[in-house]
Amino acid sequence: MDKELNFTHITLSGYVEVEKYRYVYFVIIFTIYILIICCNSTVVCLIVIRPNLHEPMYIFIAALLFNSLVFSTVIYPKLLIDFLSEKQIISYSACLFQWFMFYSLGGSEFLLLAAMSYDRYVSICKPLQYPAIMRKTTVSIFLMLAWLTPACQVAVSVVLSSNRKICNFTLKGIFCNNLIYKLHCESSTALSVYGVLILLNVVFFPLLFILFTYTKILIISYRSCREVRKKAAETCLPHLIVLINFSLLCFYDILILRLESDIPKTARLILTLQLILYHPLFNPIIYGLKMKEIWKHLKMLFC
């Protein structure tokens, strides 16, 4: 059978009563989707049009919020259609595409956070060398690496999965994530090993680098004057909050494949909804409220 004709059934009935509250859920999800687009787009546009926000730190923030916009556009339209449909189905090729975008954007977020931590490290620990190190060329290279590295690595995994035989056509979720492996007739050792390599490259190593840079920042700030400590707190705290939040959500996604049967349906739904509802709204709110320059421009825009 051609893979284009294969359908993995994404069942919502195990999480919510779609038939009973279909239009209520649709309105709620649609409202949140509009909020995500508005909040992220507002901050991104501010950074693009304001010349004094054309600094590496704000460019990385704009890239991070752009990721949230793309991620939401991949997930939400299909989710909205599902709430209005009798059956929640997705073609295998579309499922692979969702899987590819989900993990390539997730890996990109970790790499962008690593680039932001390096930017803060140079700014606070080597302020005199900052203009020479964080040039436009350097920022462009970091952005390209952050987007292309996970995309290329995840693409290989998608190609390998597309050639696997499918025996199960029911996916316990509301979008395609690592549970897609449960659809295959036989588990693949090669895919599992390659998945671990991707995890190391785009999650584990960037996390180690971030911890190293923020440790250095903490040591330098502790030894410096009050003004340096204040600057470090103002610019680093939002990044750390976003990093901790995103890491916890990704930790859940990594474990769900191993502990699928041990996680209650309600808990699984709440954690999954955080990935698609809470997290894309969390980033623009944190950066909009906690970053002094962005907050100043937002007040000017709305007041």
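Ile36 is found in helix 1 of this predicted model. The residue is buried, because its relative accessible area is 0%, under the 20% that marks the limit for burial. Beyond its neighbours up to four places away in sequence, Ile36 touches Ser41, Leu69, Ser72, Tyr76, Ile276, Leu277, Pro280 and Leu281. Ile36 and His279 are separated by 243 residues in sequence, yet their C-alpha atoms lie 9.6 Å apart in space.

**Overall architecture**

The protein chain contains 9 helices and 3 strands. Read from the N terminus, its elements follow the order β-α-α-β-α-α-α-β-α-α-α-α. Of the 303 residues in the chain, 48% are buried. Among contacts between residues at least 6 apart in sequence, 81% join residues at least 24 apart. The chain exposes about 15700 Å², and carbon and sulfur atoms supply 70% of that area.

**Nonpolar cores**

The largest nonpolar core has 60 residues, of which Ile47, Tyr58, Phe60, Ile61, Leu113, Tyr287 and Ile294 touch the most other members. Two or more residues each come from helix 1 (18–49), helix 2 (56–83), helix 3 (92–125), helix 5 (136–162), helix 6 (189–223), helix 7 (226–256), helix 8 (265–290) and helix 9 (292–302). Helix 3 gives the most to this core, contributing 14 residues. Apart from this core lies another, of 22 residues, which includes Ile75, Phe102, Tyr252 and Leu277.

The surroundings of Phe60 can be described residue by residue. Leaving aside neighbours within four places in sequence, Phe60 is in contact with Leu112, Ala115, Met116, Asp119, Met134, Val139, Phe142 and Leu143.

**Helices 3 and 5**

The end-to-end spans of these two helices are set out below.

| Helix | Residues | C-alpha span, first to last | Expected span |
|---|---|---|---|
| Helix 3 | 34 residues | 49 Å | 50 Å |
| Helix 5 | 27 residues | 39 Å | 39 Å |

For helix 3, the distance between the end C-alpha atoms agrees with the span expected at 1.5 Å a residue. In helix 3, 27 of the 34 residues are buried, so this helix is largely enclosed by the rest of the structure.

The buried residues of helix 5 are Thr138, Val139, Leu143, Ala146, Pro150, Ala151, Gln153, Val154, Ser157, Val158 and Ser161. They pack against helix 2, helix 3, helix 4 (130–133) and helix 6. An α-helix has 3.6 residues a turn, so residues three or four places apart point the same way. Among the buried positions of helix 5 are Val139, Leu143 and Ala146. Val139 and Leu143 are also in contact with Phe60.

**Salt bridge**

The structure holds 1 salt bridge. It joins the side chains of Arg120 and Asp119, with a distance of 2.8 Å from N to O. Both Arg120 and Asp119 are buried. Asp119 is also one of the contacts of Phe60.

**A nonpolar patch at the surface**

Phe204, Phe205, Leu208 and Leu211 make a nonpolar surface patch of about 400 Å². Leu208 has its place in helix 6. Leu208 counts as partly exposed because its relative accessibility is 43%, between the 20% limit for buried residues and the 50% limit for exposed ones. Helix 6 also gives two or more residues to the largest nonpolar core.

Methods. Residues numbered from 1 in each chain as written. Predicted model: local features only at pLDDT ≥ 70, side-chain atom pairs only at ≥ 80, totals over all residues. Heavy atoms only, no water. Helix = DSSP H or I, 4+ residues; strand = E, 2+ residues; numbered from the N terminus. Buried < 20%, exposed > 50% of the residue type's maximum accessible area, 1.4 Å probe, protein only. Contact = heavy atoms within 4.5 Å. Areas by Shrake-Rupley, 256 points an atom, 1.4 Å probe, with all protein chains shown as cover. Core = buried A, V, L, I, M, F, W, Y, C linked by side-chain atoms within 4.5 Å. Patch = residues over 30% accessible without salt bridge, like charges linked within 9 Å, V, L, I, M, F, W, Y side chains within 5 Å. Salt bridge = Lys/Arg side-chain N within 4 Å of Asp/Glu carboxyl O. Expected span 1.5 Å × (residues − 1).
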